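Please walk me through this model in the viewer, one selection at a time. I would like to know what to pick next and what is found there.

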Amino acid sequence: MIFNKKKKAVIPASFESRRDYDGPVLDIQNLRVIYKTDLETVEAINGIDLQIGRGKTFGLVGETGAGKTTTALSILRLLPSITGKILDGKILFNGENLLELSEPQMQAIRGNLISMVFQDPMSALNPVYTVDDQIGEAIRLHNPDYTGEEVENRVDEMLRLVGISPARKSEYPHQFSGGMKQRVVIAMALCCEPELLIADEPTTALDVTIQAQVLAMIRELRDRLGTAMLMITHDLGIVAQTCDDVGVMYAGEIVEAGTAEDVFLGSEHHPYTVGLFDSIPNLTSRAPRLKPIPGLMPDPTALPEGCVFAERCARCMDICRKEHPRVYQNGTHRICCHLYDAGVHEKAQQKEGGAPHGQS
């Protein structure tokens, strides 16, 4: 027998958001994160920078193990307490460094000013609590002055907002389909109207039709509430439909970043970004096979000295294995690659032209 005993809510410390702040809602500067155990140290995030403007959506894309979810957990300071450590950097939310706040202050922020939609709705929802209990918990926690009736009215409002009849609020998660569970999780994340929503692969477990419905709903809610959003995904199609700005992440680094136009329509790209685009089926091409990126991501416990993509790169030069590339910037477009370093490129051309073919 399962006893559904409700825990007494603990009211978090107050935190006043600087709503008059005219800078970016989120500004991550030189963030470095490791997972340290007795046997090894995993270098998960290696000096990333990203900014999200008010009401804008930033798409963070990359393959599994790139560090996308670790970035999201670092923002909310939800890294494993024993192994996860933030070594350096700042995470500024409306100008306030989240890394300097106390745990009670962070509790006042989580679910209230910054919310997160987790990857798997099956594990994000508690199977022994009804849907209205789980949505209402966040409302009661961050609005202790609300009466029971006001909480219930807010739960009904949020369910209608995500397209679920309030009549189903007394049901349990197992009584909902996968798409409906994801809608419930989104309702939980938006119930306090956060200024920043982190969506960690919100459509991964859903079929294509439900994916389209959930994405359309997220875009509509973002526009209606004016919420800034960090969209984490593997799918470049989702990024193209949803995001204003894009960061391409690989082995704990953002190797290319810019506006959606820079990344999707620009003429200059990091070789990894080119590889991602080549891996996408093209309806206008009659190529018999896709062109995957060869090899695997480097071991995060023993990252290479130079460029982290060097071993998989078709345009790799000697310097790529020896020196970490600098960031090349053209307007809003940033690429971390030796190919766009004018000095390196000139030396490479001189070396190729200085020795006749077949001579050392």
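**Cysteines**

Start with C307 and show its side chain: the closest cysteine sulfur belongs to C320 and lies 5.9 Å away, too far for a bond. The model is a predicted one. A disulfide needs two cysteine sulfur atoms within 2.5 Å. C307 counts as buried, because its relative accessibility is 12%.

Next select C313. Its sulfur has C316 as the closest cysteine partner, at 6.0 Å, and that is again too far for a bond. C313 is buried as well, with a relative accessible area of 16%. Across the whole structure the number of disulfides is zero.

**D318 and helix α11**

Now move to D318, which is placed in helix α11 (residues 318–322). D318 is partly exposed, at 48% relative accessible area. Add G306 to the selection and draw a distance between the two C-alpha atoms: they are separated by 9.7 Å, and the residues are twelve apart along the chain.

**Aromatic rings**

How many aromatic pairs does the structure hold? There are five. For one of them, select Y328 and Y340: the ring centres are 5.3 Å apart and the planes meet at 25°, so this pair is stacked. The cut-off for stacking is an angle under 30 degrees between the planes. Colour by secondary structure and Y328 appears in strand β11 (residues 327–330), while Y340 sits in the loop between β12 (333–336) and α12 (342–354); the pair therefore ties together parts that are twelve residues apart in sequence. Y328 is partly exposed, with a relative accessible area of 22%.

Then select Y250, Y272 and F309 together. These three residues form one aromatic cluster.

**A charge over a ring**

Go to F176 and show R168 with it. R168 lies over the face of the F176 ring, 4.2 Å from the ring centre.

**Two crossing helices**

For the last stop, hide the side chains and select residues 131–142, which are helix α4, and residues 148–161, which are helix α5. How do the two axes run relative to each other? They come within 9 Å and cross at roughly 115°. That angle makes α4 roughly perpendicular to α5. Turn the view so that one helix lies in front of the other, and look at the sense of the crossing: is it left-handed or right-handed? α4 passes α5 in a right-handed crossing.

Note on methods:
Residues are numbered from 1 along each chain as its sequence is written. This is a predicted model: local features need pLDDT of at least 70, side-chain atom pairs count only at pLDDT 80 or more; totals for chains, interfaces and linings use all residues. Side-chain values use heavy atoms; hydrogens and water are left out. Buried means under 20% relative accessible area, exposed over 50%, partly exposed in between (1.4 Å probe, protein chains only). Rings of Phe, Tyr and Trp (its six-membered ring) pair if their centres lie within 6.5 Å; planes under 30 degrees apart count as stacked, over 60 as edge-to-face and the rest as tilted. Helices (H or I, at least four residues) and strands (E, at least two) are DSSP runs, numbered from the N terminus. A charge sits over a ring if NZ of Lys or CZ of Arg is within 6 Å of the ring centre and within 35 degrees of the ring normal. Axes are lines fitted to C-alpha atoms, for helices over the stretch in contact, and angles run from 0 to 180 degrees between N-to-C directions. Angles under 35 degrees count as roughly parallel, over 145 as roughly antiparallel, 65 to 115 as roughly perpendicular and the rest as oblique. A crossing is left-handed if the near helix is turned anticlockwise from the far one by less than a right angle, and right-handed if clockwise.
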